[in-house]
Each structure stands twice: as structure tokens, then as C-alpha cells.
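The report below describes strand pairing, helix packing and buried cores in one protein structure. Please keep the sequence and the coordinates at hand while reading.

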Amino acid sequence: MTHPIILDGKSIAESIREKLHKEIAELAAATNGHFQPHLTIIQVGAREDSSVYVRMKQQAAQKAGIKFSLHKLPEDVSQTELLALVASLNADPSLHGILVQLPLPKGFDERLVTESIDPKKDVDGFHSMNMGELVKRDSEPMFIPCTPKGVMVLLEHAKVDLSGKTAVVLGRSNIVGSPVATLLTAKGRDYCQNCGCACRCCRKTRNGERILVEAGCVVIDVGTNAIPDATKKAGVRWVGDVAYNEALPIVSAITPVPGGVGPMTVAMLLDNTVLSAKRFLKGFKAPLEPLRLKLLEPVPSDIEIAMAQRPKPIKRIAEELGLFPNEFEEYGPSKAKISLSILDRLKHKKDGKYIVVTGITPTPLGEGKSTTTIGLVQALGAHLRKTAFACVSSAFARPHIWNQRRRRWWWLLASDPHGRNSTFTSPAISTPSLAANNLLAAAIDARIFHEATQSDTALFDRLCPKKKGVRSFSEVMKGRLARLGISEEKWINPELLSAEERSAFVRLDIDLETITWQRVLDTNDRFLRKIMVGLGPQEQGKTRETGFDIAVASECMAVLALTTDMKDMRERLGKMVVASSKAAVQSRQMTLASAPNLMQTIEGTPVLVHAGPFANIAHGNSSILADRIALKLAGTDPALTGVDAEEVGYVITEAGFGADIGMEKFFDIKCRYSGLVPDAVVLVATVRSLKMHGGGPEVIAGKPLSEVYQTENLALLEHVANARKFGISVIVGINKFSSDTDAEFAACPSKGVGGWRCGRRGAGAIDLANAVIQVTNAPKPVDGGFRFLYDLDLPIEQKIEIIAKEMYGADGIELSELAKTKIEVYTRQGFSKLPICMAKTHLSFSHNPKLKVFPTGFVVPVRDIRASVGAGFLYPLLGEMSTMPGLSTRPAFF
């Protein structure tokens with residue numbers, strides 16, 4: 001008989017570790033170090049044998065390049081505490097494998113504990129879901145238990161031909177016997193349990209039972225038994241269940257003990273961990289399931305459409321995006337907050353395609369720019385089955401009482417199945433930014449009052465009171481001490497401050513004439529534009545003139561929209577200028593506001609709703625954070641190739657009002673701070689707006705349209721030229737209304753124009769979506785590329801003039817004396833290098849809403865310039881532009 005094959009599990013395991021180490025290094029290089037498999041073990045108590053096994057797994061993991069962590073818990077830890085730890089590890093996406101070292105001390109429910117491990121991280125393969133999937137036909141578990149998997153790999157490495165052979169599996173344990181039998185069955189082998197054929201050697205079990213082994217068979221011995229042996233340091237030696245020396249002469253292959261199945265079990269644990277890490281790298285996206293729509297003619301009202309559709313659970317939307325449970329927090333069944341931690345998890349991914357939707361100068365009725373944004377996303381996602389996001393500003397961040405109705409937000413399903421309570425962002429966006437803004441306004445007036453009515457000593461005693469005879473500065477105060485140049489050794493002991501230093505510390509000495517910070521309100525109210533505060537008797541005559549701005553014009557809202565992370569938000573809030581000195585706002589409510597809202601369109605595609613600054617007053621774009629999160633979720637992983645390669649997705653964001661203001665601010669402010677560059681601009685127009693800017697009469701909300709808007713007379717303004725000044729490709733989309741004639745639509749220039757009907761929802765925007773796909777995936781030009789309109793190093797006046805001439809077609813600008821004074825002050829204070837955010841009417845290229853088409857021969861008057869240093873821009877007020885709108889004769893509540 002030929003010599004039997006010794007199945008050396010130790011050497012095979014070593015080769016597997018080397019292979020895993022190489023694979024990990026290659027994937028880490030492809031992902032800039034992001035790929036790092038991580039195995040964690042929980043050990044309860046201090047059993048010596050358990051500690052030995054844990055150390056063995058730790059050493060093997062580290063040799064393979066797998067990150068290893070150990071959570072050692074005392075034996076008296078409660079089961080509740082153990083389960084809480086498992087839950088926290090389940091929620092950590094940086095962990096790929098979780099193992100609870102068995103056995104657990106007496107009193108623990110081992111089945112309950114092992115079942116608490118997420119099946120996606122159950123690298124031991126003991127979870128009932130993995131075990132169940134293993135025995136089902138045409139199914140595959142997330143993980144195969146390590147020892148059975150090691151047995152199968154040993155057979156493969158030995159090149160054992162099992163065809164036509166009978167496999168005898170001795171034992172029915174859940175860990176080894178049953179899974180091995182299942183795996184052999186899946187390979188098409190016959191097997192029997194506890195039976196054998198004619199044999200010539202034997203094996204003796206613990207209870208003395210002898211089982212015969214047939215000559216020429218392959219023996220995989222998974223038993224471990226301790227035999228007393230005085231020659232060994234530990235006093236015992238380890239043997240298997242098979243009489244190895246007796247079996248060796250007659251078997252064709254056999255595993256030694258130790259050195260056979262044991263090392264393979266550990267190797268398979270490592271293999272499962274790397275497999276899990278690769279799955280986490282790829283993500284766990286559920287298939288996209290769009291919501292079906294029944295299109296009706298004529299198109300029903302907004303509320304009828306919303307109430308007729310049943311939204312998907314927001315958890316399902318999150319699963320379709322591949323979000324982990326700890327990366328979103330549900331706020332009811334149909335909306336959620338997305339965690340900023342996603343940015344760190346997906347930082348290695350290449351961004352998806354970035355498209356900004358803007359429009360021509362609108363009529364007061366609006367031209368459907370927001371509607372186009374949502375319709376385009378529905379076409380891409382629900383109809384063309386691309387990963388597609390809409391990133392839009394908050395509907396509720398608009399003033400509560402509008403001057404006209406907006407046909408836009410029925411595209412987003414309301415926050416419950418019946419379409420009620422659509423003010424989904426009130427607690428998360430509008431209220432925190434409004435409260436933080438007004439808290440600072442109240443603090444300014446309170447500080448002025450207290451400084452005017454108290455001595456330096458009284459102020460110091462109240463700001464730094466003695467507690468048990470000792471004074472101390474709070475952490476917030478230390479920032480002010482640093483700005484005052486007070487040495488750090490005095491920060492520890494306030495008593496060391498001199499009289500002059502105490503006076504400087506306790507007094508801001510605000511010049512009332514320089515205060516620029518106003519209170520804000522979420523309602524249009526013209527009578528709050530100028531008010532007097534401090535008229536109560538307790539304010540002791542400390543009155544001053546101030547006013548209210550609309551909430552969406554507040555600097556807090558702009559900070560929220562332009563911040564890039566929490567650290568950046570704190571820095572921006574701390575830089576806010578309220579007068580001739582700086583004051584920091586620390587609002588815990590703003591932390592909640594920093595998380596974008598996840599919602600869905602009426603066709604079940606994802607929408608991120610975050611921030612809501614106006615474009616005619618502020619910079620008019622949704623948040624950078626929402627865009628960055630969407631771009632990563634729509635992006636591609638360079639490490640995934642072949643069948644695993646990801647298809648690039650699309651992020652559609654909106655710039656408020658027309659291209660002359662919202663788009664310009666998107667490029668020169670938002671893109672400047674985000675570092676993001678869009679792949680295309682979609683310019684929205686309507687036949688109605690083209691007629692008005694081609695010479696039609698004024699359009700007034702609530703007033704019937706003039707006859708000219710029903711006749712075939714059309715002219716297209718050259719808004720495209722403004723977009724191309726930034727070096728970005730432009731796609732023109734005509735939002736087609738039912739009243740538009742075919743001749744009018746045909747009169748639109750055909751090149752780059754895609755018409756779509758909002759009444760057909762996503763189906764009406766398929767042509768536009770295909771145009772976006774074609775343009776954004778076309779080769780980029782070698783020369784040129786994206787560029788800003790102006791350089792930040794230019795003087796303030798020159799930057800304003802460039803915008804006025806290049807975007808509005810003005811002959812120049814005219815600065816008021818106040819504006820000239822502000823330029824001198826801001827230049828002296830070091831704010832001259834900030835970008836410019838023009839506050840102007842959205843109804844004309846000029847400062848005058850009555851000047852239509854492309855007015856020429858006009859000069860833009862700049863009556864004032866204000867600083868939003870925290871947000872990071874200066875905003876000139878052009879013409880009669882107000883920061884607090886008023887109600888019209890027929891507001892939206894009629």
C-alpha cells in the first residue's frame with residue numbers, strides 16, 4: 001500500500017494566512033488604507049483554556065494583517081451588560097467579525113448571546129440564520145461554521161476525489177457534525193451517520209465504543225482529548241478520536257492531532273473575517289423598489305396626489321442606500337436623520353455625478369425649478385434605475401405664510417401615510433437656527449444692559465462667582481481670555497487678573513451704532529422691519545432701534561448650509577460678528593440640525609432635505625453636508641472591479657431662483673467652501689417665462705395671465721452664457737405646461753434642450769435624464785474646466801462690480817456712503833477676502849424687478865453691506881431689497 005497523505009492543517013493554514021495578508025494589502029492600497037478587516041472577541045471570565053484559544057486567534061489574525069481587539073469582561077458581568085456590548089459592536093461598521101468565546105460562565109444563556117450577534121458579523125457561523133441558510137437548498141449562509149469549512153478546505157487541498165464515495169459523519173453536533181453532513185450533501189455526496197463499512201483498524205471513543213474504519217478511506221479527525229503524559233510540561237498530551245498509529249498504515253489520507261483541523265478552524269475564522277470586510281466594503285444595498293404611480297388626466301391637486309400614494313417605510317429607503325442601522329435615526333415611519341459618520345466610512349469612495357439645477361429669471365408664479373429637480377431624480381432612479389439623490393433645501397425653512405402657493409412639495413411624500421404634518425423639518429432645522437440666532441440677539445441686549453448698570457467688580461463677581469471660596473473660568477471664557485492676550489497662567493486663577501484686565505474681560509463696550517445682528521422670525525411681517533426694544537420699565541430706558549429678518553436670511557441658517565463638519569460649524573459660529581467685537585453662540589440645538597433629513601419622492605427615490613437659506617437674501621442652496629453624503633452614497637469604490645464594480649450615481653441639487661443669483665452663489669460661495677465641482681448645469685425655463693422676458697406684460701400672482709401667454713410668441717434669453725462662464729456644461733430643460741402649444745415648444749432651440757411634463761412625474765423627465773447621463777459621462781475637456789467668477793484677493797468693491805457686470809449686464813455699481821464706510825471697516829477688520837453674496841430681487845437681472853429681458857445701460861445701487869463672517873461672506877443690499885418680506889393682498893392662507 002502507498003504511503004498515506006498527511007493532511008497538514010498547520011502548513012495549509014499558514015498558506016491561507018499568507019494569501020489573506022496579500023489580499024488585504026492589495027485592497028488597502030486600492031482604497032488608500034481604508035480597507036482594514038477587524039475581528040473582535042468577547043471573553044467573559046478568565047478560564048485558562050479560553051485565554052489560550054483567544055491568544056492563538058489573536059496571533060493568527062495579526063500575522064494575516066487583520067486588526068484584532070479583545071473585550072475582556074469579569075465573570076460577574078450581567079447578561080444584560082454583555083448583550084449591550086454586543087449591540088454596540090453590531091452597530092460599529094468598522095468591525096467586521098464578532099466572536100463570543102465559549103463556554104460562558106454558569107448562568108449565561110449561550111444561545112441567546114450568540115443569537116444577539118448580527119448575522120452579517122457572525123464569523124463563527126453559529127447564528128441560527130446562518131445555520132438555517134446552510135441547510136436550505138439553493139441558499140447560501142453569510143458564513144459557514146469555521147471547523148466544517150476547514151474540513152472541506154482540507155479535502156480540497158488534498159485533492160481527494162469524493163465522487164461515488166460514502167461519507168461517514170460520526171456525531172450530530174450543531175457546530176461540526178450536522179454542518180459537515182450538510183456541506184457534503186451539497187457537494188452531491190451520499191453520507192450516513194454512525195455507520196461504517198468493512199474495516200481493518202479501529203478507533204475508541206470516550207465511552208469505549210469501537211468503530212471500524214475501511215481500508216483506503218480518508219480520515220478527518222476533529223476530536224481533541226487530553227491524555228496524561230508526565231513527559232509534557234502541562235502533564236497531558238492532546239490526541240484525536242482516531243487511533244492514529246493504527247489507522248496510518250491503511251488509510252489513504254488522515255489529519256494529525258494536533259496540527260490538523262485545529263489550525264484550519266482558526267484559518268477559516270480569519271477567512272470569514274476578510275470575507276465580511278469585503279462585504280462591508282461593497283455594502284449591503286437592498287434592491288431599489290420604486291413606488292408605482294397611476295397617472296391621471298387632468299392632473300389632480302397636490303394634496304390628492306400625496307394622499308393617494310403610500311410611502312415606503314423610511315427604513316427601507318435606508319436599506320436601499322446601504323445605510324447601517326447606526327447611521328440613521330427614524331423620526332416616524334417616513335423620515336429619518338442621517339448621521340455624518342457616513343462621510344468617514346465612505347471617504348475612500350469616488351464621488352458620484354454632481355448636477356446643479358438652476359433657472360432663468362422667474363415670473364412671480366415660479367417656473368418649476370424645484371419640480372424639475374425632483375422629476376429628474378425620479379426619472380433617473382425610478383425609471384432608469386440609477387442611484388439618484390435630490391438634495392434640496394427645507395420646505396419648512398420657508399416662511400410660514402407665503403405670498404403665493406408653491407407647487408413643489410407634493411413631490412415629497414408628507415411625514416405620515418395620510419399626508420398630514422408635512423412640517424417635517426421644523427424641530428430639526430428652522431427652530432434650532434432661529435433659536436440660536438435669537439439667543440445671541442437676546443445676549444447682546446442683555447450684555448449692553450448689564451454693562452450699563454453695573455461696575456467692573458459686580459460684573460466680575462457675577463461672571464466668575466466664588467464656589468467654596470474659589471473662582472474659575474469656564475471653557476467658553478478661555479477663548480475670550482486668549483483673544484484679549486491674557487497669559488495662560490492667569491486662566492487657572494482669575495484672582496491674578498489686574499484691574500485693567502478684569503475690565504477688558506467683563507466689558508464688550510459695544511457701540512450701539514455698529515450692531516448688525518437682528519432677531520429673526522419665520523413669518524413674513526413687514527411691520528417688524530424696524531422696531532424699538534427696551535421700552536419696558538425694568539430696562540431703565542436702555543432702548544435702541546433694531547429689527548427682524550426673515551429666518552432663512554439668518555447667518556445661523558447660512559452656517560448650517562455651508563458647514564463641512566461639526567468642528568467647522570463650531571468655528572463658524574464662533575466667528576460671527578455682531579458689532580465691533582466677536583461673540584460665540586453655542587447652541588446644542590444646532591447639533592441636531594446638522595444631520596440631514598432623509599425622505600422620499602412620490603416615486604420612492606431618496607431625497608436629502610437640509611437647510612433653507614433664501615437665494616435673493618442669502619446664498620440660496622441646500623447644505624454642503626447633504627451634498628457630500630449623497631455624493632459618497634452615489635459614488636463608486638475603486639477597489640470593486642469586475643462583477644462587483646459599482647455603477648456611478650447622480651446627485652441633483654438646486655440653486656435658488658435664477659442663474660444670475662442662486663447659481664452664481666452656488667459656484668462662488670458653496671463650491672468654494674465645499675471643494676466640490678459640478679459635472680453639469682440644468683437650466684430650467686418655461687414658455688411663460690420666456691414670453692415675459694421676451695416682452696410680454698408683467699405676471700402678477702393671483703391675476704389671470706395675459707392673452708400673450710396663450711399665443712405663439714417666444715424668445716429665449718441667453719442665461720446659458722452665464723453658466724458657461726464657470727466652465728460647466730449646460731443642459732436646458734423646458735418645463736412644459738398643458739397650456740403650451742407644440743409650435744411654442746418647437747420654437748425653443750433644439751440643441752441641448754430637453755422638454756418634460758411635470759404632470760407625468762418621473763416618466764415625463766426621461767429624455768432630460770438621458771441628456772444628463774450623456775453630458776456628465778462625456779470626456780472632460782483637456783483645457784479650461786471649472787473656474788470662479790472672481791478672485792478672493794480682489795478688493796470688496798471690485799468683486800461686487802464683477803458680479804454686477806458679468807452676471808447682471810450692468811454698466812457698473814454705485815456705492816452709498818454707508819456702503820463705502822462698511823467697505824473701509826470690513827477691510828480694516830480683515831474681512832475683505834470673503835466671497836460676495838448679493839442680496840437682490842430674483843425677478844430681474846437688475847436690482848429693479850420691473851426691468852425684464854436683458855436690461856442694459858443701468859447701474860446697480862449698493863445701499864448697504866453686511867458681514868456674515870461666520871457663514872463666510874459679505875452681502876451687499878442692492879436697491880430696495882429687504883431682509884424681511886411682507887404679506888401681499890392675497891397671502892397663501894386664503
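Two strands are taken to pair if DSSP finds at least two bridges between them, and the strands themselves (E, at least two residues), like the helices (H or I, at least four residues), are DSSP runs numbered from the N terminus. The model is a predicted one, in which local features need pLDDT of at least 70 and side-chain atom pairs count only at pLDDT 80 or more, while totals for chains, interfaces and linings use all residues. Residues are numbered from 1 along each chain as its sequence is written, and side-chain values use heavy atoms, with hydrogens and water left out.

An open sheet of 3 strands, paired in parallel, follows the order S3-S2-S4. Strand S3 (67-73) and strand S4 (97-100) are at its edges with a single partner strand each, so one side of each has no neighbour in the sheet. Within the S2–S3 pair, His38 is found opposite Lys67 of S3. Helix H2 (residues 48-64) lies across S2, S3 and S4 and runs at about 170° to S2, where angles run from 0 to 180 degrees between N-to-C directions of axes fitted to C-alpha atoms, for helices over the stretch in contact. Helix H3 (residues 79-90) also packs on the sheet, touching S2, S3 and S4, with its direction at about 180° to that of S2; contact here means heavy atoms within 4.5 Å.

The parallel pairs are listed here.

| Strand | Partner | Bridges |
|---|---|---|
| S2 (residues 38-44) | S3 | 7 bridges |
| S15 (residues 353-359) | S24 | 5 bridges |
| S24 | S25 (residues 730-736) | 5 bridges |

In strand S24 (residues 680-685), 6 of the 6 residues are buried, so the strand is largely enclosed by the rest of the structure; buried means under 20% relative accessible area, exposed over 50% and partly exposed in between, with a 1.4 Å probe and protein chains only. Ala680, Val682 and Val684 point one way from S24, whereas Val681, Leu683 and Ala685 point the other way. Ala680 is the bridge partner of Ile355, and Val684 stands opposite Gly733 in S25.

A nonpolar core is a set of buried Ala, Val, Leu, Ile, Met, Phe, Trp, Tyr and Cys residues joined through side-chain atoms within 4.5 Å. The largest such core has 74 residues, of which Leu323, Leu598, Leu608, Phe667, Tyr808 and Leu874 touch the most other members. Helix H28 (residues 796-808) gives the most to this core, with 7 residues.
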